[in-house]
Amino acid sequence: MVGGPGGTRKATDDGVADLDGARAALSRHDWQASYDLVHELSVSEPTAEAERLDVLADAAWWLGRIEESIEARHAAHHIFESLGDQRRAGMCAVWLYQDHCLRARPAAASGWLQRARRALENDTSCIEYGALLLREAEAAHGAGEFDQAGALAEQARALGRALASADLEAEALQTLGRLLIDVGQPTAGLSHLDEAMLLTLEGRLSPYSTGKVYCSVISACEELGDLRRAAEWTNATGTWAAQHPFAIFPGICRVHHAVVLERQGALEAAESEANRACAELVGSHIPNAAAAYAEVADIRRRLGDLDRAEEAFARAQELCGHSCAGAALLRLAQGRQEEARRIVAGCLADEPPNRLGRARLLPAAVQIAVASDDFAAAETHVRELESIAETFG
């Protein structure tokens, strides 16, 4: 067994067995057992130590210990790179890009993505390179570079099929699906998401890819206003996430569930679910924790609890660095119309160039414009919203 506090397991045959056992525990999704086996294990051979650190990073990630996962993965990357194993070093860099995104550190994330590209750009027929392509596609999508994002995702899908990697293919399909929806092709986009979901339902995906596809499909349904479909997938995802109770995904599922409940009018139940999401995500997934706090705040605003809404919005802003449309509506409810107009105008100006994103903001902009007797602005916002509704059905 691993050593107690302050002790370590030495590099013996038993230590090698512990490392093998930790890998086996990962494969059966027993994250705690894997973590316990490798946390205090000490091995002297560099390759084995890099392997140990990589397993520790995986196990810690699934236990929601993101900072510990980042630290272990960083150390593993350094050893793999020093050994000349560019494929493993590149995969560590891909994960470090993603995990710094989770912790809302865009500059560090960008650096790791560039490092992954350098490590893998001459090794293009492997799953690790496919993982890099998908993260580059997501980054391009977020920057509004839709053509580049589509080309990268198509390349990843082709590679996934060539390598018979269901994970790579499914993640590429969900990336393409979200991209097609954002460029105004919701039917084609949902078709890609349905295909990705089929791979999930067949049980062919790893836990990470399963969670990623589930969350992407639910988010797309919410954006398109398909609440029935969103509720159906949220229930299915919640059942799946319960199998990984310490991971990030249960908290993300709670955010989606809270949105569904809120839109169904079950405000108190929605607030309770969103509060649980806040507690589960604040130490791991900063963007979704901010979204959960914003959801709590908006529910409290609708319930007339403006003081506690203010507290939750302040926490959301602290985490994400900017105000949201709900905060503008809170200012309106407080009689602070000019501040409400300023906030919503800033939200519209900052929104990435996808029309569904603007559709989430425009109703608040209309309400605030009407309250300010700016009927020309209200009419402009309504016309834009009608155009988006016509495009996306």
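In the predicted model, helix H7 makes the greatest contribution to the lining of the second largest pocket, supplying five residues. This pocket encloses about 780 Å³ of space, and 27 residues line it. Those that lie nearest its centre are Asp58, Trp95, Asp167, Ser206 and Tyr208. Besides H7, the helices that each supply at least two lining residues are helix H1 (13-27), helix H3 (46-62), helix H5 (86-102), helix H9 (166-182) and helix H11 (207-224). Classified by residue type, the lining of the second largest pocket consists of 13 nonpolar, five polar and nine charged residues.

Helix H7, which spans residues 127-142, also contains Glu136. Glu136 counts as buried because its relative accessible area is 15%, below the cut-off of 20%. When residues up to four places away in sequence are left aside, the contacts of Glu136 are with Leu113, Arg117 and Leu152.

Enclosed space was examined as well. A search of the whole structure yields one cavity of 30 Å³ or more, and the volume of the largest cavity is about 30 Å³. Its lining is formed by Phe313, Ala316, Gln317, Cys320, His322, Ser323, Cys324 and Ala327. Helix H16 (residues 306-320) provides the largest share of this lining, with four residues. By class, five of the residues lining the largest cavity are nonpolar and three are polar, while none is charged.

With regard to the overall fold, the protein chain comprises 20 helices and zero strands. Along the principal axes, its C-alpha atoms occupy a box of roughly 75 × 45 × 35 Å. The radius of gyration of the protein chain is 23 Å, which agrees with the value near 21 Å that a compact globule of 393 residues would have. Of these 393 residues, 52% are classed as buried. Among contacts in the protein chain with a separation of 6 or more, 57% join residues 24 or more positions apart. The accessible surface of the protein chain amounts to about 17,300 Å², and carbon and sulfur atoms account for 51% of that area.

Key:
Residues are numbered from 1 along each chain as its sequence is written. This is a predicted model: local features need pLDDT of at least 70, side-chain atom pairs count only at pLDDT 80 or more; totals for chains, interfaces and linings use all residues. Side-chain values use heavy atoms; hydrogens and water are left out. On a 1 Å grid over the protein atoms alone, a cavity is a set of points where a 1.4 Å probe fits but cannot get out, and a pocket is an open set with protein on both sides within 12 Å along at least five of seven lines; lining residues have an atom within 4 Å of a point. Grid points are joined across faces, edges and corners, and a volume is the space filled by probe spheres set on the points. Ala, Val, Leu, Ile, Met, Phe, Trp, Tyr, Cys and Pro count as nonpolar, Asp, Glu, Lys and Arg as charged, and the others, Gly among them, as polar. The radius of gyration is taken over C-alpha atoms; the globule rule is 2.2 Å times the number of residues to the power 0.38. Buried means under 20% relative accessible area, exposed over 50%, partly exposed in between (1.4 Å probe, protein chains only). Contact means heavy atoms within 4.5 Å. Accessible areas come from the Shrake-Rupley method with a 1.4 Å probe; for residues, only the protein chains shown count as cover.
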